[in-house]
Amino acid sequence: MKILLVEDNEAIIMGLQYLLEQEGYACRIARRRREAERMVAGEPPDLMLLDIGLPDGDGYQLCETLRRQYTFPVIFLTAREEEEDVVRAFDLGADDYIIKPFRNRELISRIKNVLRRGSKEREVLRCGGIALEAESGKVWVNGEEVTLTRLEYRILSSMMACPGKLFTRDEILSDIWDLSGNFVNDNTLSVTIKRLREKLGDTEGRIIRTVRGMGYRMECRGT
Ligand code: CA
């Protein structure tokens, strides 16, 4: 895990760098806002620790700018007198904040929390321009959100979890039978797949492939 520390106080930098490396994080330092922007553009970190007062701007501006393009979590490092202002940090997309001087153990546990939260939220399956987020049940096609029925979603999420695997019609039918509690016949399955393909912009069946006489297989080539 790579952490970018954006901070201009040398004493804090020294202490934190040592602490983070002890904990097994790779730590890079930016002492200015511009430097942080350059480093993120070069290689975005997994998490950013961000001081508010920087020599060439403030942490709020930096957070706002980065949020337009990146989703990695940001924890603000703030002085006690800045605490009231910290609600602004959340508005700008911060994930947490900690007041200086902080206890090392508390900072590490906040970092772990934020990283854990983040990895769950960002668990997204991708295939041929389709993205599916299990947590929210949302599906996007080339960045545009599409609305699926429960049956369509169920079929798509099973197939996206195992790209390349053959799903026989019987397998899919018994799976969605459990879901709906009603009998889903072979014809309903064909119609559902057809609608699903339409919503995915896959009318020719290049992503959800028909395996003749058997079932369907998801094809993620070229992604
Ligand atoms: Ca500072």
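In this predicted model, a good place to start is Leu-5, whose bridge partner in strand β3 is Leu-49. That pairing belongs to a set of four bridges that join β1 to β3, and the two strands run parallel. On to the next neighbour: β3 also pairs with strand β6, which covers residues 74–79, again in the parallel sense and over four bridges. Here you can pick out Met-48, which has Val-74 of β6 as its bridge partner. If you wonder what holds such neighbours side by side, strands of a sheet pair through backbone hydrogen bonds, either parallel or antiparallel.

How much of β3 is buried? Five of its five residues are, so the strand is largely enclosed by the rest of the structure. Look at the two faces in turn and you will find Leu-47, Leu-49 and Asp-51 on one side, with Met-48 and Leu-50 on the other, all of them buried.

Asp-51 leads us to the metal site. Which protein residues act as donors to the calcium ion? They are Asp-8 and Asp-51, each through OD, and Gly-53 through its O atom, at 2.2 to 2.4 Å from the ion. Along the chain, these donors follow the spacing D-x42-D-x1-G. Asp-8 sits in the loop between β1 (2–6) and α1 (10–22), while Asp-51 belongs to strand β3 (residues 47–51), so this pair ties together parts that are 43 residues apart in sequence. The surroundings of the two aspartates can be described as well: Asp-8 counts as partly exposed, at 32% relative accessibility, whereas Asp-51 is buried, with a relative accessible area of 5%.

Now let us move along the chain to another sheet. This one is open and has four strands in the order β8-β9-β10-β11, with antiparallel pairing. Its edge strands are β8 and β11 (144–146), each of which pairs on one side only. From one strand to the next, the twist averages 25°. At the β11 end, three bridges join this strand to β10 (residues 138–141), and the two run antiparallel. For a landmark there, find Trp-140, which stands opposite Glu-145 in β11.

A helix packs on this sheet: α6 touches β8, β9 (130–133) and β10, and its direction makes about 105° with that of β9. Helix α6 spans residues 150–161, twelve residues in total, and reaches 16 Å from its first C-alpha to its last, close to the 16 Å expected at 1.5 Å a residue. Which residues of α6 are buried? They are Glu-152, Ile-155, Leu-156, Ser-157, Met-159 and Met-160.

To see helix and sheet meet at a single residue, try Leu-125, which lies in strand β8. Leaving aside residues up to four places away in sequence, Leu-125 touches Ile-130, Ala-131, Leu-132, Ser-157, Met-160 and Ala-161. Even with these contacts, Leu-125 is partly exposed, at a relative accessible area of 32%. For a sense of distance, Leu-125 and Arg-67 are 58 residues apart in sequence and 22 Å apart in space, C-alpha to C-alpha.

Strand β8 has one more feature to show. How many disulfides does the structure hold? There is one, formed by Cys-127 and Cys-220, whose sulfur atoms are 2.1 Å apart. A disulfide is a covalent bond between the sulfur atoms of two cysteines. The link of Cys-127 and Cys-220 is left-handed, with -105° about the S-S bond. Cys-127 lies in strand β8 (residues 124–127) and Cys-220 in the segment after β14 (215–218), so the pair ties together parts that are 93 residues apart in sequence. Cys-127 counts as buried at 2% relative accessibility, and Cys-220 is buried too, with a relative accessible area of 18%.

What about Cys-27 and Cys-63? Cys-27 is in no disulfide, and the nearest cysteine sulfur, that of Cys-63, is 18 Å away. Cys-27 is buried, with a relative accessible area of 10%. Cys-63 is likewise in no disulfide, the nearest cysteine sulfur being that of Cys-27. Cys-63 is buried as well, at a relative accessible area of 2%.

Definitions and conventions:
Residues are numbered from 1 along each chain as its sequence is written. This is a predicted model: local features need pLDDT of at least 70, side-chain atom pairs count only at pLDDT 80 or more; totals for chains, interfaces and linings use all residues. Side-chain values use heavy atoms; hydrogens and water are left out. A disulfide is a pair of cysteine sulfur atoms within 2.5 Å. Buried means under 20% relative accessible area, exposed over 50%, partly exposed in between (1.4 Å probe, protein chains only). The expected span of a helix is 1.5 Å times one less than its number of residues. Donors are N, O and S atoms within 2.8 Å of the metal (3.2 Å for Na, K and Ca); water is not among the atoms, so sites may look incomplete. Two strands pair if DSSP finds at least two bridges between them. Axes are lines fitted to C-alpha atoms, for helices over the stretch in contact, and angles run from 0 to 180 degrees between N-to-C directions. Contact means heavy atoms within 4.5 Å.
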